[in-house]
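Here are some short exercises to try with the structure open beside you. Take each one at your own pace, then read through the worked solution.

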Amino acid sequence: MPLPKAELHLHIEGTLEPELAFELAARNGVELPYADTEDLSRAYRFEDLQSFLNLYYELMAVLRTERDFEDLADAYLARAAAQGVRHAEIFFDPQAHLARGVAMGTVVDGLWRALGRSEETHGVSTRLIMCFLRDESAESALETLRLARPYLDRITGVGLDSAEVGHPPVKFREVYEAAAALGLRRVAHAGEEGPPEYITEALDVLGVERVDHGLRCMEDPALVERLVRERVPLTLCPLSNVRLRAVDVLSAHPLPAMLDAGLLCTVNSDDPAYFGGYAGDNFDAVRSALGLSEERLRELARNSFVASFLEDDEERRARYLAEVEAYEFG
Ligand SMILES: [Zn+2]
């Protein structure tokens, strides 16, 4: 039995496996520029952020109907459950779909068909977090939030993702203020390829409660001290960091130093179909590459539930935390 954990940094579009991409392409009559799944799998072996993003957006063309989004989420939840994920807070990128003529309702209703029954089907509780693409304009983000208004009963929070450099958090001040006024929780990618200042800005200007990645905080001791003092969770994605070259090799990942510093770190999969593994695979990888002890792994699992947006269901959080404490490593 795998260690129980919550996954807090997961882009649902990044869970599209080559097999499902071909299945959806056939169902929707979409022509993919790849001969077969093997050919496509080769394309998944990109080596930098831009080539990843190009492929990521290209493959989204196969997602067209509610059923496509339902199948995508269902496939992720099945894989996550098999790796010990008990709770998943799932990102989605509406702008990437709106731009292709797929309506907000198609995306949210489709995802919800899987998420709404996930506890029964997979034993995984879920939350949905709507991300803004930071390389799009602030006006586009505001329009996206406006389009999401009818669906806010199913959306827990907002996030900020895609290409970081040159798109500082301050650009999205207004939409984050509007999201806060609507009672939405706030997170943002910061300090992955962008500088530590983006982390500070995300906290101070956007009011984020959790920082996605946040790896580069380690370049600024005063920032580390603040993150520790304020108990700001960081959602790290080790295998993603290697694939996108944020770190050279997994054995050089700063996770152990970050835990030693007292940071509230969690381990997540980011875009697992593209980065070589789901949540449990990331745990296994850091365990062997970094030699993490069982108590460190338990701490990471505990942190994932502490950092999750379960304030509306503390009973559930307590139950998950008890599962973590009772877990016996095999
Ligand atoms: Zn991400």
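Before we start, note that UniProt annotations may be inferred rather than shown by experiment. The model itself is predicted.

**Exercise 1.** Find which residues the UniProt annotation "domain: Adenosine deaminase" covers, and describe that span.

*Solution.* Start with the record: this annotation, from an unreviewed UniProt entry, covers residues 4–317. Next, look at the two ends of the span, whose C-alpha atoms lie 12 Å apart. Finally, check the make-up: residues 4–317 are 48% helix and 14% strand.

**Exercise 2.** Work out how the axes of helix α8 and helix α9 are arranged.

*Solution.* First locate the helices: α8 is residues 138–148 and α9 is residues 173–181. Their axes come within 8 Å and cross at roughly 20 degrees. Angles under 35 degrees count as roughly parallel, so α8 is roughly parallel to α9. The crossing of the two is right-handed. Now find who makes the contact: α8 brings Ala138, Ala141, Leu142 and Leu145, while α9 brings Glu174, Val175, Ala178 and Ala179. Sorted by class, this contact of α8 with α9 has 7 nonpolar, no polar and 1 charged residues.

**Exercise 3.** Decide whether Glu192 is buried or exposed, and describe its surroundings.

*Solution.* Begin with the label: the unreviewed UniProt entry annotates Glu192 as "active site". Then place Glu192 in the loop between β5 (185–190) and α10 (196–204). A residue is buried if 20 or more other C-beta atoms lie within 10 Å of its own. Glu192 has 24 within 10 Å, so Glu192 is buried. Lastly, leaving aside neighbours within four places in sequence, Glu192 is in contact with Glu164, His213, Leu215 and Ala246.

Methods. Residues numbered from 1 in each chain as written. Predicted model: local features only at pLDDT ≥ 70, side-chain atom pairs only at ≥ 80, totals over all residues. Axes fitted to C-alpha atoms, helices over the stretch in contact; angles between N-to-C directions. Helix = DSSP H or I, 4+ residues; strand = E, 2+ residues; numbered from the N terminus. Parallel < 35°, antiparallel > 145°, perpendicular 65-115°, else oblique. Left-handed = near helix turned anticlockwise from the far one by under 90°. Contact = placed C-beta atoms within 7 Å. Nonpolar A, V, L, I, M, F, W, Y, C, P; charged D, E, K, R; others polar. Buried ≥ 20, exposed ≤ 12 C-beta atoms within 10 Å, placed from the backbone.
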